[in-house]
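Colleague: Could you take a close look at the charged side chains in this model for me? I would love a connected account of how they are placed and paired.

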Amino acid sequence: MGRRRPGLKRARQRAGFNQEAFAFELGVDPSTVGRWERAATEPELWRRPKLAKLLGITPTELDDLLHDVVEGSIPESGKSAPAPRAGGLVPVIVRGESVWLPVDAESLAAVADRASLPADATTQSGGEVSGFAPSEWDAMSPLNRRSLLKYGVAATALPALGLDELRHVAQAMADARRYFDGTTLDYFRRQLAACKADDGALGPSKTLPMVLGIVGAVEEHARDVKPQVRRELLRLGADGAEFAGWLFRDIRDFGRTLFWYDRAVEWAQEADDVAMQGYVLLKKSQLAFDEREPLRMLTLAQAARRGQRSLPKRVQAESVQQEARAEVMLGATADAVAPKLDEARALLDAPDDGASQLGAHYNSTLLTMQTAICYTEAGAPRRAVEIYDDSLVEDRFSPRDYGFFLSLRAGSLALAGEPDEAARTGIASAARADSTNSRRTKQELVRVLDYLAPWSRRPEVVRLREVVTA
């Protein structure tokens, strides 16, 4: 027999939510709510305060509902398995590497109160927990330790904090109105910057948990902080929400992508961050390219530029390029959009004030890659291949981005009538997509297979199909 949580379902219904509406409020799929109610999974720790608030109950009452598991219908998998106990992810050190390990409620309490984790699995030889010597960890009160663990403090950033700063961050988690200030904001900014720096190598599956923890902390505490802190906190939240949207885009979860992009716009509006609002419109235009909606892609890119006085020159440049790409998808020739591509290049080369970090990753190499995409979309794949051959060099890109552009090169080669080289390039792309969990790249490779349909029996093409569909 399977297991279920009838109390959790009844509480949702009493609060007036169906699964779809409840899921929307929490930023999850309806199927996720269903899994919670079937006791197949449990809500993440950082999500539970909002979950309790929506249900109109206390966190303690929510914990009781999550433990109120009874025998019921067989789960969808058809297998009977015990529901995971309440717990969370704890940052630890394994062989010198910072990792997150799932810990049940009992072990989590032990970590919080005694800082005791199995030495052979979770500590360095010196006995450190998440970058702290035992004396430092023990110097913090149990309340502070529980606050840090509850809100998912990242192991990678902990060693950068002194004990006083760490204690202050923990106090801010427990009493935002009194302690949440510039020190805590700086901590979360560093956390988010570290996530962005690692994304291209680690991929979304390893980056998303920390990013969602950051935006979850923002959402949880924005209503409690002092008024002068709220605007800066929401500005940070908008940055994190935009990045979360990108990560979901990379795994092709477009529903959650739009959810987080909309949340980024909402927070940016309240924070009076006009540049971020325009930047998210650009990101929505790029999502429209993924979905092959050129008209929406064009109007969103144009909307992003309406506030261009607030946008860094590099963001303006990418928006102009995006317009050019949309126009060729709508029927314009490569020669017709050449002036727009020249304008984008001029904007990118123009001096900027450097005050904003928006689009800091965007450079002439990326513009060159996007120019190649324009040529392919305009029906000139041979010109695109020439650009890729000149400029697509592995050490200029993160592993994820290099794999993605390899998939685009493979598509251009296929359209140019070079099936074997296209397939070999696609296989190399697939290897990098697997290592970084980039479903966006895998989807491009599915499109390459469509281009290669006339050569479907060639050995290299067969190999590519096997790799992509594995």
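**Charged side chains, exposed and paired**

Modeller: Happy to! Asp 68 is a good place to begin: with a relative accessible area of 31%, Asp 68 is partly exposed. Please keep in mind that the model is predicted. Asp 68 sits in the loop that runs between helix H5 (59–67) and strand E2 (70–72). On the surface, Asp 68 joins Glu 61, Asp 63 and Asp 64 in a patch of negative charge. A residue needs over 30% relative accessible area and no salt bridge to enter such a patch, and Asp 68 has 31%.

Arg 5 has another setting. Its relative accessibility is 1%, so Arg 5 counts as buried, the limit being under 20%. Arg 5 is found in the loop between strand E1 (2–4) and helix H1 (6–14). A polar atom of the Arg 5 side chain lies 3.1 Å from the backbone oxygen of Thr 41.

Now to the pairs of opposite charge. The model has 34 salt bridges in its count. One of them joins the side chains of Glu 270 and Arg 230, with N to O at 2.7 Å. Glu 270 belongs to helix H15 (residues 254–270) and Arg 230 to helix H14 (residues 227–250), so this pair ties together parts that are 40 residues apart in sequence. Both ends are partly exposed: Glu 270 has a relative accessibility of 39%, and Arg 230 has a relative accessible area of 26%.

Further along, Arg 382 and Glu 418 meet through their side chains in a salt bridge of 2.2 Å, N to O. Because Arg 382 lies in helix H21 (residues 381–391) and Glu 418 in the loop between helix H22 (399–415) and helix H23 (419–436), the pair ties together parts 36 residues apart in sequence. Arg 382 is partly exposed at 36% relative accessible area, and Glu 418 is partly exposed at 26%.

Helix H23 also holds Asp 420, whereas Arg 458 is in the loop between helix H24 (439–451) and helix H25 (459–469). Asp 420 and Arg 458 form a salt bridge whose closest N and O atoms are 2.8 Å apart. In sequence, the parts that this pair ties together are 38 residues apart. Here again the two residues are partly exposed, Asp 420 with a relative accessible area of 22% and Arg 458 with 35%.

Finally, some charges link up beyond a single pair. Asp 389, Arg 409, Glu 421, Arg 424, Glu 460 and Arg 463 are connected in a network of salt bridges.

Conventions:
Residues numbered from 1 in each chain as written. Predicted model: local features only at pLDDT ≥ 70, side-chain atom pairs only at ≥ 80, totals over all residues. Heavy atoms only, no water. Patch = residues over 30% accessible without salt bridge, like charges linked within 9 Å, V, L, I, M, F, W, Y side chains within 5 Å. Areas by Shrake-Rupley, 256 points an atom, 1.4 Å probe, with all protein chains shown as cover. Salt bridge = Lys/Arg side-chain N within 4 Å of Asp/Glu carboxyl O. Lys, Arg positive; Asp, Glu negative; His and termini not counted. Charge placed at Lys NZ, Arg CZ, Asp CG, Glu CD. Helix = DSSP H or I, 4+ residues; strand = E, 2+ residues; numbered from the N terminus. Buried < 20%, exposed > 50% of the residue type's maximum accessible area, 1.4 Å probe, protein only. Polar contact = N/O pair within 3.5 Å; in protein donor to acceptor, adjacent residues only side chain to side chain.
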